[in-house]
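Here are my notes on the model you sent. They go from the whole chain down to single residues, so keep the structure open while you read.

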Amino acid sequence: MHFPDSVSVGLPQGLTPLLRSQSINGTVYLLARQPFETTRVMVRSETEGPIFVLDISAQPADPESHPLPDVQILVETPQAVGAVQAESNGDLRSLPWGYVALTRFAAQQLYAPTRLIPSQPGVVAMPVNAEPVDLVVGSKIEAVPVAAWKAGLQYVTAVKLINRTRKAVVLDPRELRGAWLAATFQHNRLLPAGSEADSTVVYLLSDRPFDVAL
């Protein structure tokens with residue numbers, strides 16, 4: 001896990017014997033000694049920057065599971081916003097986008113009224129193949145890509161998730177196949193198939209096109 005600057009990790013006392021943490025020049029390494037439930041951990045910047053709050057958990061490794069991708073933490077600053085404004089007439093493809101900002105942009109494109117959809121220089125719509133994909137482990141959730149965009153070296157893809165079972169399902173990002181930088185559900189609980197709330201959208205961020213990351 002990579003942070004913008006040097007950080008220190010604060011572990012709750014009960015988690016100390018279960019988790020080993022090491023912070024080197026802004027990169028945090030975590031190694032679970034045994035499984036544990038979701039626990040909140042504080043990561044503090046050592047240069048008067050922000051405090052990051054992480055909810056982490058550990059479970060026995062599944063031989064068929066995919067390794068977790070590296071996570072890059074980006075912080076949007078007033079200076080960065082000013083740089084975007086100053087170069088609004090130039091090439092913005094190399095300017096970084098934070099995960100939250102890019103996810104919010106994708107959600108606005110899908111759900112906001114047309115008059116409220118922002119125009120974002122440097123964000124390019126990408127073609128998608130609107131055919132079901134094998135995204136969610138277990139085959140009980142149908143997944144269909146609906147839209148995708150590229151900003152610099154990052155991609156965000158909106159995928160519609162539909163519950164095909166007769167039971168309510170709680171979505172878990174750990175059950176998503178692929179190498180994703182971040183995954184955000186519009187709603188993380190789906191009602192049984194046929195209900196008004198049996199579908200939602202997940203926004204997947206990656207450093208490569210969707211079909212490659214999957």
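1. Burial and overall make-up. Buried residues account for 32% of the 214 residues in the protein. Please keep in mind that this is a predicted model. Its secondary structure amounts to three helices and twelve strands. The accessible surface is about 13,300 Å², and carbon and sulfur atoms hold 52% of that. Take the contacts between residues at least 6 apart in sequence: 55% of them join residues at least 24 apart.

2. The five-stranded sheet. This sheet is open, and its strand order is β6-β7-β8-β12-β10. The pairing is antiparallel. Which strands stand at the edges? They are β6 and β10 (182–185). Each has a single partner strand, so one side of each lacks a neighbour in the sheet. From one strand to the next, the twist averages 25°.

3. Strand β7 and its partners. Strand β7 covers residues 141–151, and eight of its eleven residues are buried. On one side, four bridges connect β7 to β6 (residues 123–126), and the two run antiparallel. Val124 has Lys150 of β7 as its bridge partner. Strand β8 (residues 154–163) also pairs with β7, over ten bridges and again in the antiparallel sense. Here Ala143 sits opposite Leu161 of β8.

4. The β7–β8 hairpin. Two residues lie between the strands of this hairpin. Look at the backbone of Gly152, which takes a positive phi near 65°.

5. From β8 to β12. These strands pair over eight bridges, in the antiparallel sense. To find the register, start from Ile162: its bridge partner in β12 is Ser199.

6. Helix α2 over the sheet. Helix α2 lies across β6, β7, β8, β10 and β12. Relative to β12, the helix runs at about 140°.

7. The largest nonpolar core. In soluble globular proteins, nonpolar side chains tend to be buried together. In this model, the largest nonpolar core has 18 residues. Which of them touch the most other members? They are Trp97, Leu102, Val123, Trp149, Val156, Tyr203 and Leu205. At least two core residues come from each of α2 (99–111), β7, β8 and β12. The largest share is six residues, and α2 supplies it. A second, separate core has 16 residues, including Leu135, Ala143, Val159 and Phe185.

8. Tyr203 in detail. This residue is one of the core members named above. Set aside its neighbours within four places in sequence, and its contacts still include Thr103, Ala106, Ala107, Leu110 and Tyr111. Val156, Thr157 and Ala158 are also among its contacts. So are Ala182, Ala183, Thr184 and Gln186.

9. Ser206 in detail. Is Ser206 buried or exposed? It is buried, with a relative accessible area of 0%. Ser206 lies in strand β12, which covers residues 199–206. Beyond its neighbours within four places in sequence, Ser206 is in contact with Leu153, Gln154, Tyr155, Ala179, Trp180, Leu181 and Ala213. Trp180 is 26 residues away along the chain, yet the C-alpha atoms of Ser206 and Trp180 are separated by 5.0 Å. The side chain of Ser206 also reaches the backbone oxygen of Arg208, at 2.6 Å.

10. The three-stranded sheet. Another open sheet has the order β1-β4-β5, with antiparallel pairing. Why is one side of β1 and of β5 left without a neighbour in the sheet? Both β1 (7–10) and β5 (51–58) stand at the edges with a single partner strand each, so one side of each has no neighbour there. Direction ignored, neighbouring strands of this sheet are turned by 30° against each other on average. Strand β4 (residues 36–45) and β5 run antiparallel and are joined by seven bridges. Within this pair, Val43 stands opposite Phe52 of β5.

Note on methods:
Residues numbered from 1 in each chain as written. Predicted model: local features only at pLDDT ≥ 70, side-chain atom pairs only at ≥ 80, totals over all residues. Heavy atoms only, no water. Buried < 20%, exposed > 50% of the residue type's maximum accessible area, 1.4 Å probe, protein only. Contact = heavy atoms within 4.5 Å. Polar contact = N/O pair within 3.5 Å; in protein donor to acceptor, adjacent residues only side chain to side chain. Pairing = 2+ DSSP bridges. Axes fitted to C-alpha atoms, helices over the stretch in contact; angles between N-to-C directions. Core = buried A, V, L, I, M, F, W, Y, C linked by side-chain atoms within 4.5 Å. Areas by Shrake-Rupley, 256 points an atom, 1.4 Å probe, with all protein chains shown as cover.
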